[in-house]
Amino acid sequence: TQNATPGVLSLEPYKPGMPLDELQRQLGISDAIKLASNENPLGPSPKVKAALAEAIANQDLALYPDGGGFKLKAAVAKMHGIDPSRVTLGNGSNDMLEFLGRIYLGPGRAAMFSQHAFAVYPIVTQSQSAEAVIVPALPRSHPTMPLGHDLEGFKKLWRDDISIVFIANPNNPTGTWLPAQDIEAFLAFVPKQVIVVLDEAYWEYLDPALRGDVRGWLDKYPNLVVTHTFSKTYGLASLRAGYALSSPEVADLMNRVRQPFNNNSLALLAAEVALADQEHVRKSVALNNSERARLEAELARLGLSWLPSQANFLAIDFGRDAAPIHQALLQKGIIVRPTASYEMPNFLRITIGTPAQNDRLLKALQEILQ
Ligand code: PMP
């Protein structure tokens with residue numbers, strides 16, 4: 001093992017949460033709930049299951065999938081009003097982050113991202129033996145965006161060896177977001193040879209009034225790559241599908257490094273059917289927003305604070321080590337996400353669930369905290 005690259009040897013593996021069936025087995029119960037991974041509690045559009053059942057019955061599963069993802073790419077391009085040559089498909093949007101790392105990072109190069117940002121950025125960086133330039137987040141006491149990305153700080157720490165910047169908007173695990181004009185100003189600041197990845201995994205949850213003109217930015221900044229996923233609002237985390245919007249040149253580079261059949265045929269089909277059902281997306285976002293507001297009101301009643309969120313989760317601040325609360329919730333059959341590995345040991349990240357799931361979480365928190 002010592003002959004592995006220094007970058008890989010420096011890595012900590014990503015730790016996925018406990019699977020739901022494992023907790024049910026451990027507790028001997030059948031009604032445990034998972035509010036840990038920011039999935040859609042409504043699941044995908046009902047049309048997806050029907051299409052998958054039909055495909056499993058009639059498709060020849062021995063054949064390779066469409067390696068070019070022609071139909072899904074066309075649908076994504078149409079929805080965003082851009083040419084299909086600017087769309088890349090991935091096995092989850094993580095796949096695209098990995099492609100970009102392989103294309104732009106290596107020894108002697110650096111990636112820049114925020115403290116308390118998404119866990120995959122350091123993995124992608126270190127696996128390429130590149131250096132991570134981690135920008136301190138805004139302070140907890142910041143009036144509007146506590147622990148959010150500090151783009152002024154990104155500028156202050158700028159170095160010439162940076163070849164890629166990762167920005168999550170909204171960010172995970174904080175839920176914080178960036179004003180569109182700040183993103184645009186940052187794009188104007190970054191040298192044109194440096195790739196800026198705008199990771200918009202939670203884009204559908206972002207208030208439309210807060211969204212930037214991403215299409216305009218893509219035209220103006222050929223070094224911009226925007227990533228989206230089918231894992232969140234579209235409710236398809238299990239099947240793994242995501243996509244990137246970029247210049248055709250960057251899409252061409254991503255196509256060179258991706259595995260020829262990185263999306264399986266069922267994921268391609270499910271994503272295509274899910275994308276066509278925007279009514280389900282609206283319904284999912286509306287439920288998320290009303291339940292998030294209700295949870296916030298109830299958390300305030302419990303004397304808790306949390307970070308402002310434009311996503312489908314809340315980072316709750318317990319003001320003390322949250323590990324015992326995480327364990328106590330597990331004992332009550334509720335899986336949430338500890339954020340100690342994100343340098344936020346006093347927080348737990350909880351996904352907004354269905355009204356019944358949220359009621360159960362609130363009741364459990366009240367019992368644990370009293
Ligand atoms: N970016 C962010 C900010 C995320 O939170 C996630 C999911 N946890 C992803 C990307 C990757 O999601 P997926 O690979 O399922 O598309």
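## Strand pairing and ligand shell in a predicted model

An open sheet is built from four strands, with antiparallel pairing, in the order β9-β10-β13-β12. Its edges are formed by β9 (305–306) and β12 (337–338), each of which pairs on one side only. The structure described here is a predicted model. Strand β9 is joined to β10 (residues 313–317) by two bridges, and these two strands run antiparallel. W306 is located opposite I316 in β10.

A further set of pairings involves strand β7 (residues 224–229). This strand is mostly covered, with six of its six residues buried. L224, V226 and H228 point one way from β7, while V225, T227 and T229 point the other way; all are buried. The pairings of β7 with β6 and β8 are set out below.

| Strand paired with β7 | Bridges | Direction | Facing residues |
|---|---|---|---|
| β6 (residues 195–199) | four bridges | parallel | V197 and V225 |
| β8 (residues 242–245) | four bridges | antiparallel | T227 and A244 |

Helix α9 (residues 214–220) completes a right-handed β-α-β unit together with β6 and β7.

The surroundings of the ligand comprise 13 residues, of which G92, S93, N172, T229 and S231 come nearest. T229, one of these nearest residues, is also a buried residue of β7, where T229 points the same way as V225 and T227. By residue class, the shell around the ligand contains four nonpolar residues, eight polar residues and one charged residue.

Technical notes:
Residues numbered from 1 in each chain as written. Predicted model: local features only at pLDDT ≥ 70, side-chain atom pairs only at ≥ 80, totals over all residues. Near = placed C-beta within 6 Å. Nonpolar A, V, L, I, M, F, W, Y, C, P; charged D, E, K, R; others polar. Pairing = 2+ DSSP bridges. Buried ≥ 20, exposed ≤ 12 C-beta atoms within 10 Å, placed from the backbone. Right-handed = clockwise from strand over helix to strand, strands pointing away.
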